[in-house]
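Student: I have a model on my screen and a list of labels for it. Can we go through what justifies each one?

Tutor: Yes. Bring up the structure, then ask.

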Amino acid sequence: MLRAILLIVRKDLTVEVRSRELAYTTLFFAVSCVLVFAFSLVQEGRAAEGVGAGVLWMAIMFAGNLALGRTFERERQSETLRALMLVPAPRPAVYLGKLTGIVLLLAITEAVLVPLVALLFESALLSHPFWLASVVATGTVGFAAVGTLFAAMLVRARSRDVLLPVLLYPITVPVLIAGVRATVAIAQPEFEVDVVRFWLMLLIAFDIVFITLALWTFEPVMTD
Amino acid sequence: MTSVEFDEVSAEDVSRHFGRRRAVSRMTFRASRGTILGLLGPNGAGKSTLLAMLATLLRPSSGTIRYGTLGTSSGPALRERIGVLGHDLFLYPELTARENLAFFAGLYGIADTNARARAALERAGLDNRSEDPVSSFSRGMRQRVALERALIHDPRLALLDEPFTGLDDASTGALVSRLKMLRDTGAIVILATHDLDLAEGLLDHALFLRDGRIVEAMTAPDALRSTYRSVIGR
């Protein structure tokens with residue numbers, strides 16, 4: 001199973017390095033999103049408290065939706081998702097491989113987004129890098145865990161581009177709330193570790209529940 | 001994972017509906033090791049749906065498919081013994097021919113994936129293009145790579161949907177030889193094709209399909225074209 005996961009991740013990264021399609025589009029979209037909000041919300045060099053955290057998570061989720069859609073569109077074009085369903089690796093391995101690829105891709109986007117938001121919104125996001133990295137990582141995994149399952153399920157649906165955000169955003173609202181609240185707490189002048197820990201635990205619980213559910217349901221939903 | 005063995009594939013009263021449309025209706029047949037079974041019929045006859053069910057990609061709405069004594073629930077161990085060449089080629093255009101084959105060889109648990117991929121490309125006559133991306137290949141070349149992808153793990157059951165599409169005469173001849181070799185090594189080959197001239201002399205058994213039903217079954221079929229005209233046209 002581990003070998004199959006690694007092969008799928010390596011394949012996805014190789015395809016991405018060759019085409020650079022997803023990295024460029026998600027980065028461009030996320031950075032544009034942050035810039036638009038910065039122009040409108042930052043007045044005289046300052047933004048209201050907590051705005052930076054909200055903008056960061058909104059950019060992550062919008063970019064994530066874009067990345068999820070395109071990743072599975074690639075698999076649909078040559079019906080390679082069907083080929084992956086035919087291999088003897090357990091089907092959850094396919095899910096985990098795709099999930100890992102999307103998380104890595106979003107990590108690249110976030111590596112650009114976090115300092116950009118910190119700079120433009122004069123937010124102290126980087127004052128506690130370990131906690132911020134933990135919150136962003138667990139939030140991204142939770143969002144991508146739900147998104148990977150839905151994107152795979154919708155790969156043959158005609159209106160998949162519309163349906164994916166319609167299904168994805170309501171279910172990942174807890175990720176958005178926990179991510180924003182934890183990030184706001186991290187950027188506070190007086191760092192409240194208990195608050196951050198509470199939201200981080202919620203994100204970890206979300207990840208465990210939804211990855212378990214996805215592993216359980218991936219095989220039946222992918223067999224017509 | 002324990003590899004499974006089976007000597008025949010059988011379908012018993014198999015149907016598949018998509019909503020109210022019946023794509024496959026109560027088909028019963030069997031195919032044994034060392035034989036090539038052809039599925040012949042016009043577009044929409046149910047050939048691809050039947051192949052998808054045999055490949056475990058689709059569940060029958062009713063009826064049973066068995067691989068020897070095994071059912072479709074045997075999962076990964078069963079899939080390890082099935083090779084599928086679909087109407088779509090199941091190849092990543094951004095990857096090279098060798099990378100595509102090595103990727104799938106790895107997923108099938110083959111140890112030396114690059115050596116297996118190179119050997120497959122040599123068989124396909126594409127060893128000099130192994131490091132070129134598949135997107136730069138012609139349709140016929142892609143078809144040859146896709147065939148090698150389907151057979152890279154030496155499957156017991158080979159399911160081929162229109163395998164002659166896009167092939168020139170030389171490649172077609174090579175494919176016919178390859179299919180005969182597969183039969184001689186004890187594989188079960190089931191192929192869907194419209195090319196009756198090529199099927200003539202290649203098939204050990206033929207099923208003529210129309211509107212999701214088997215309308216005629218022949219063993220050691222000859223005069224396929226006239227039979228096709230009489231059973232499909234009637």
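Student: What makes B:Glu162 count as partly exposed?

Tutor: A neighbour count. This is a predicted model, and in it B:Glu162 has 17 other C-beta atoms within 10 Å. Buried needs 20 or more, and exposed needs 12 or fewer. The count of 17 falls in between, so B:Glu162 is partly exposed.

Student: Where does B:Glu162 sit?

Tutor: In the loop between strand 6 and helix 6 (169–184) of chain B. Its phi is near 50 degrees, a positive value in a residue other than glycine.

Student: Which loop holds B:Asp154?

Tutor: The loop between helix 5 (139–151) and strand 6 (157–161) of chain B. B:Asp154 is not a glycine, yet has a positive phi of about 50 degrees.

Student: How do you know that B:Asp154 is partly exposed?

Tutor: Count again. B:Asp154 has 14 C-beta neighbours inside 10 Å. That lies between the cut-offs of 12 and 20, so B:Asp154 counts as partly exposed.

Student: Now chain A. What is its secondary structure?

Tutor: Chain A has 9 helices and 0 strands. In sequence order the pattern is α-α-α-α-α-α-α-α-α.

Student: Why is chain A called as compact as a globular protein of that length?

Tutor: Set the value against the rule. The radius of gyration of chain A is 18 Å. The globule rule gives 17 Å for 224 residues. The two are close, so the label holds. The C-alpha atoms fill a box of roughly 55 × 35 × 30 Å along the principal axes. Buried residues make up 47% of the 224 residues in chain A.

Student: What makes helix 6 of chain A mostly covered?

Tutor: Of its 25 residues, 18 are buried. Helix 6 spans residues 129–153 and reaches 36 Å from its first C-alpha to its last. The expected value at 1.5 Å a residue is close to that, at 36 Å.

Student: Why are helix 2 and helix 3 of chain A called roughly antiparallel?

Tutor: Use the angle. The axes of helix 2 (residues 21–41) and helix 3 (residues 51–77) of chain A cross at roughly 155 degrees. Angles over 145 count as roughly antiparallel. Helix 2 and helix 3 of chain A therefore earn that label. Their axes come within 9 Å, and the crossing is right-handed. Residues in the contact include A:Phe29 and A:Cys33 of helix 2 of chain A, and A:Phe62 and A:Leu66 of helix 3 of chain A.

Student: Why are helix 1 and helix 5 of chain A called oblique?

Tutor: Helix 1 (residues 2–19) and helix 5 (residues 91–120) of chain A pack at an angle of about 40 degrees. Roughly parallel requires under 35, and roughly perpendicular runs from 65 to 115. The angle fits neither range, so helix 1 and helix 5 of chain A are oblique to each other. Their axes are 8 Å apart, and helix 1 of chain A passes helix 5 of chain A in a right-handed crossing. Among the contact residues are A:Ile5 and A:Ile8 of helix 1 of chain A, with A:Gly97 and A:Gly101 of helix 5 of chain A.

Student: How many residues does each chain bring to the contact between chain A and chain B?

Tutor: Chain B gives 26 and chain A gives 21. On the chain B side, helix 2 (76–79) and helix 3 (97–107) each supply at least two residues. Helix 3 of chain B gives the most, with 5 residues.

Technical notes. Residues numbered from 1 in each chain as written. Chains lettered and ligands numbered in written order. Predicted model: local features only at pLDDT ≥ 70, side-chain atom pairs only at ≥ 80, totals over all residues. Helix = DSSP H or I, 4+ residues; strand = E, 2+ residues; numbered from the N terminus. Rg over C-alpha atoms; globule rule 2.2 N^0.38 Å. Expected span 1.5 Å × (residues − 1). Axes fitted to C-alpha atoms, helices over the stretch in contact; angles between N-to-C directions. Left-handed = near helix turned anticlockwise from the far one by under 90°. Contact = placed C-beta atoms within 7 Å.
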